[in-house]
Amino acid sequence: MPDLPRFAEVEAPATWRTIDFISDLHLQPAEPGTFEAWRRYMGKTPADAVFILGDLFEVWVGDDAAAAPGFAAECAQVLHSTARRAAVYFMPGNRDFLVGRGFLDSCGTTLLADPAVLQFDGRRWLLTHGDALCLADSEYMGFRSQVRNPAWQQEFLAKPLENRQAIARALRQQSQDRKRSGSDYPDVDGSAALAWLDAARAQTLVHGHTHRPADHLLGARGWRAVLSDWDAGAEPPRQQVLRLTSAGLQRIDL
Ligand code: MN
């Protein structure tokens with residue numbers, strides 16, 4: 001079992017009544033329907049806070065890509081207008097871990113460390129993207145520790161934008177080849193998830209990444225609520241929000 005991480009803490013202000021969790025939208029110019037669904041949702045959600053738990057973007061090669069007019073700038077606009085009336089938290093996923101504070105600041109959104117504990121309504125909710133708990137994927141875990149290293153990131157971000165985009169395309173191709181080869185993606189490790197919950201003194205873990213929306217009982221007292229990915233082009237479309245109120249968690253299909 002790997003070492004336990006440090007758990008960031010977020011205390012919900014007493015005025016919050018409704019909190020939304022979304023993840024794995026994998027926004028990209030090639031899928032305008034999903035972007036539109038997200039834009040509509042962000043424009044009308046009644047939530048006091050929207051927590052984006054990773055992989056909002058299919059790929060992110062540096063904040064400079066959002067400086068010019070284009071898809072990333074349109075996404076920034078959506079974040080910014082939502083952030084004017086609700087709190088917006090951004091937790092990086094395995095696709096968009098290079099989103100920087102500069103970009104988030106410009107959108108009025110707050111960077112959320114992975115993992116983090118949200119204190120709301122007298123309870124502690126443990127939030128993570130989920131990739132760090134997929135322990136059986138040893139190949140990916142090696143890649144993850146490489147790309148989450150600040151020195152690697154600094155070196156990567158210093159490359160010209162075209163080079164970074166080419167590297168991202170190559171990585172994406174590898175991942176698609178792997179999917180096509182039919183190899184199984186490992187799921188979150190149950191005992192590691194339980195160890196995290198115990199260390200965080202929380203009962204419910206909320207995560208995405210696996211694209212396997214479900215609620216799992218963990219041991220005698222823990223729960224794991226898995227977020228859905230988004231795909232407006234799927235039949236039926238997948239556009240699901242996990243909404244937290246004092247009544248608990250509820251799945252809302254848009
Ligand atoms: Mn992911």
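Along the chain, the donors of the manganese ion follow the spacing D-x38-N-x34-H-x79-H. In this predicted model, the ion is coordinated by D55 (OD), N94 (OD1), H129 (NE2) and H209 (ND1), at 2.0 to 2.3 Å. Two of these donors tie distant parts of the chain together: D55 and H129 are 74 residues apart. D55 sits in the loop between β3 and α2 (71-83). H129 sits in the loop between β7 (123-128) and α4 (138-147). Both D55 and H129 are buried.

**First sheet**

One open sheet has six strands, ordered β5-β4-β3-β2-β11-β12, with mixed pairing. Its edge strands are β5 (110-111) and β12 (248-253), and each of them pairs on one side only. Helix α1 (residues 32-44) packs on this sheet. The helix touches β2, β3 and β11 (240-245), and its direction makes about 170 degrees with that of β2. Inside the sheet, β2 (residues 19-22) and β3 (residues 49-53) run parallel and are joined by four bridges. D20 stands opposite V50 in β3.

**Second sheet**

Another open sheet of six strands has the order β1-β6-β7-β8-β10-β9, again with mixed pairing. β1 (8-11) and β9 (214-218) stand at its edges with a single partner strand each, so one side of each is left without a neighbour in the sheet. From one strand to the next, the twist averages 25 degrees. Five bridges join β9 to β10, and these two strands run antiparallel. Within that pair, D215 has A225 in β10 as its bridge partner. Helix α7 (residues 190-200) packs on the sheet and touches β6 (116-120), β7, β8 (204-207), β9 and β10. The direction of α7 makes about 135 degrees with that of β7.

Strands of a sheet pair through backbone hydrogen bonds, either parallel or antiparallel.

**Nonpolar cores**

The largest nonpolar core has 35 residues. Those with the most contacts inside it are I22, L27, W38, L56, F57, L79 and F103. At least two residues of this core come from each of α1, β3, α2, β4 (87-91) and α3 (101-106). The largest share, six residues, is supplied by α2. Beyond its close sequence neighbours (up to four places away), I22 touches W38, Y41, V50, F51, I52, L53, L227, W230, Q240 and V241. Another core, of 22 residues, lies apart from the largest one and includes I19, Y89, A116 and L244. In soluble globular proteins, nonpolar side chains tend to be buried together.

**R251 and its partners**

R251 lies in strand β12. Is R251 buried, partly exposed or exposed? Its relative accessibility is 25%, so R251 counts as partly exposed. Leaving out residues up to four places away in sequence, R251 touches P213, A214, D215, A225, V226, L227, Q240, V241 and L242. Two of its side-chain interactions are polar. One reaches the backbone oxygen of A214 at 3.0 Å. The other is a polar contact of 3.0 Å with the side chain of D215. The C-alpha atoms of R251 and D20 are separated by 9.8 Å, though the two residues are 231 apart along the chain.

**The loop between β10 and β11**

S228 is found in the loop between β10 (222-226) and β11. D229 has its place in the loop between β10 and β11 as well. S228 counts as buried because its relative accessibility is 5%. D229 counts as buried because its value is 8%. With residues up to four places away in sequence not counted, S228 touches S23, P213, R238 and Q240. On that basis D229 touches S23, D24, H211 and R238. Which side chains make polar contacts with the side chain of D229? H211 does, at 3.5 Å, and R238 does, at 3.0 Å.

The polar contacts described for R251 and D229 are listed here.

| Side chain | Partner | Distance |
|---|---|---|
| R251 | A214, backbone oxygen | 3.0 Å |
| R251 | D215, side chain | 3.0 Å |
| D229 | H211, side chain | 3.5 Å |
| D229 | R238, side chain | 3.0 Å |

How values were computed
Residues are numbered from 1 along each chain as its sequence is written. This is a predicted model: local features need pLDDT of at least 70, side-chain atom pairs count only at pLDDT 80 or more; totals for chains, interfaces and linings use all residues. Side-chain values use heavy atoms; hydrogens and water are left out. Two strands pair if DSSP finds at least two bridges between them. Contact means heavy atoms within 4.5 Å. Axes are lines fitted to C-alpha atoms, for helices over the stretch in contact, and angles run from 0 to 180 degrees between N-to-C directions. Buried means under 20% relative accessible area, exposed over 50%, partly exposed in between (1.4 Å probe, protein chains only). A polar contact is a pair of N or O atoms within 3.5 Å; within protein, one must be able to donate a hydrogen and the other to accept it, and residues adjacent in sequence count only if both atoms are side-chain atoms. Donors are N, O and S atoms within 2.8 Å of the metal (3.2 Å for Na, K and Ca); water is not among the atoms, so sites may look incomplete. A nonpolar core is a set of buried Ala, Val, Leu, Ile, Met, Phe, Trp, Tyr and Cys residues joined through side-chain atoms within 4.5 Å.
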